[in-house]
Amino acid sequence: MKVKRRTVWFLTLLSLAAVISVYYLFEPTNKIDFTTIFSDGDLDETILTGVDDSKAVESDSYVFEEMRMEIDNERSQLRDQLVAKMASEQYSAEEKNEAFNDMNNLIKLESSEAMLEMLIKSLGYSDTLVRIEGEKVAVSVMTNEISPAQANEIVYIVRSELEDAVDVSVKPQSSYY
């Protein structure tokens with residue numbers, strides 16, 4: 001039995017439309033105006049609904065942004081070296097495997113720092129910077145003063161997320177920089 005190419009395309013598009021429809025029906029946070037898709041107007045005239053700009057990543061501190069850029073540059077160079085090592089034919093399989101493991105550890109480190117920053121920001125701080133180096137964790141928080149109770153709360157969050165964090169330091173950073 002020979003199936004026509006047009007029938008296969010039609011069934012593929014129909015199943016794709018069904019999957020997308022089911023996804024958006026069961027996703028309560030999305031508000032979509034389906035009439036916009038089928039209108040003849042320009043996309044410039046289209047108004048997006050349900051977009052929350054408050055969750056955009058931005059920093060109140062230029063000092064924190066500068067430090068993040070330096071860390072990103074260092075890690076980007078390290079990442080490039082590890083990728084070059086994995087792609088090179090002059091290294092053994094064990095060395096390539098070690099480079100792969102180092103790359104995974106770097107990714108885990110970056111995600112742990114980002115998660116901790118998000119958790120600490122949820123305590124009400126406008127910005128925070130977390131730097132993990134082995135068993136040491138340095139936390140800088142955008143505030144003029146920090147009470148011992150607030151510092152203990154931050155240390156508790158860090159230690160509950162990172163079991164191997166031995167030395168956790170919390171430092172307030174003034175927003176006047």
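A residue counts as exposed when its relative accessible area is over 50%, and as buried when that value is under 20%. This cut-off will be needed at several stops of the tour. The model itself is predicted.

**The whole chain**

Begin with the entire chain displayed as a cartoon. Five helices and three strands make up its secondary structure, and along the sequence they follow the pattern α-α-α-α-β-β-α-β. Of the 177 residues in the chain, 20% are buried. The chain exposes about 13900 Å², of which carbon and sulfur atoms supply 56%. Among contacts between residues at least 6 apart in sequence, 53% join residues at least 24 apart.

**Helix 1 and its surface patch**

Next, select residues 5-25, which form helix 1, and show the side chain of W9 within this helix. W9 has a relative accessible area of 56% and is therefore classed as exposed. Add L13, L16 and I20 to the selection: together with W9 they make a nonpolar surface patch of about 440 Å².

**Helix 4 and S112**

Move to residues 93-121, helix 4, and pick out S112. Is this residue buried or exposed? Its relative accessible area is 19%, so S112 is buried. Leaving aside residues up to four places away in sequence, S112 touches I132 and L162.

**The hairpin**

Select strand 1, residues 128-133, and then strand 2, which covers residues 136-142. The two strands run antiparallel and are joined by six bridges. To follow the pairing, show T128, which stands opposite V141 of strand 2. Strands 1 and 2 form a hairpin with two residues between them. In the turn, G134 has a positive phi of about 70 degrees.

**Strand 2 and strand 3**

Keep strand 2 selected and add strand 3, residues 167-173; these two strands pair in the parallel sense over seven bridges. For one pair to display, take A138, whose bridge partner in strand 3 is S169. To trace the connection, colour helix 5, residues 148-161: the chain passes from strand 2 through this helix to strand 3, in a β-α-β crossover that is right-handed.

Finally, return to strand 2 alone and show its surroundings. Why is strand 2 largely enclosed by the rest of the structure? Five of its seven residues are buried, and the strand is therefore largely enclosed. When inspecting the side chains, recall that in a regular strand they alternate between the two faces of the sheet.

Note on methods
Residues numbered from 1 in each chain as written. Predicted model: local features only at pLDDT ≥ 70, side-chain atom pairs only at ≥ 80, totals over all residues. Heavy atoms only, no water. Buried < 20%, exposed > 50% of the residue type's maximum accessible area, 1.4 Å probe, protein only. Helix = DSSP H or I, 4+ residues; strand = E, 2+ residues; numbered from the N terminus. Pairing = 2+ DSSP bridges. Right-handed = clockwise from strand over helix to strand, strands pointing away. Contact = heavy atoms within 4.5 Å. Patch = residues over 30% accessible without salt bridge, like charges linked within 9 Å, V, L, I, M, F, W, Y side chains within 5 Å. Areas by Shrake-Rupley, 256 points an atom, 1.4 Å probe, with all protein chains shown as cover. Salt bridge = Lys/Arg side-chain N within 4 Å of Asp/Glu carboxyl O.
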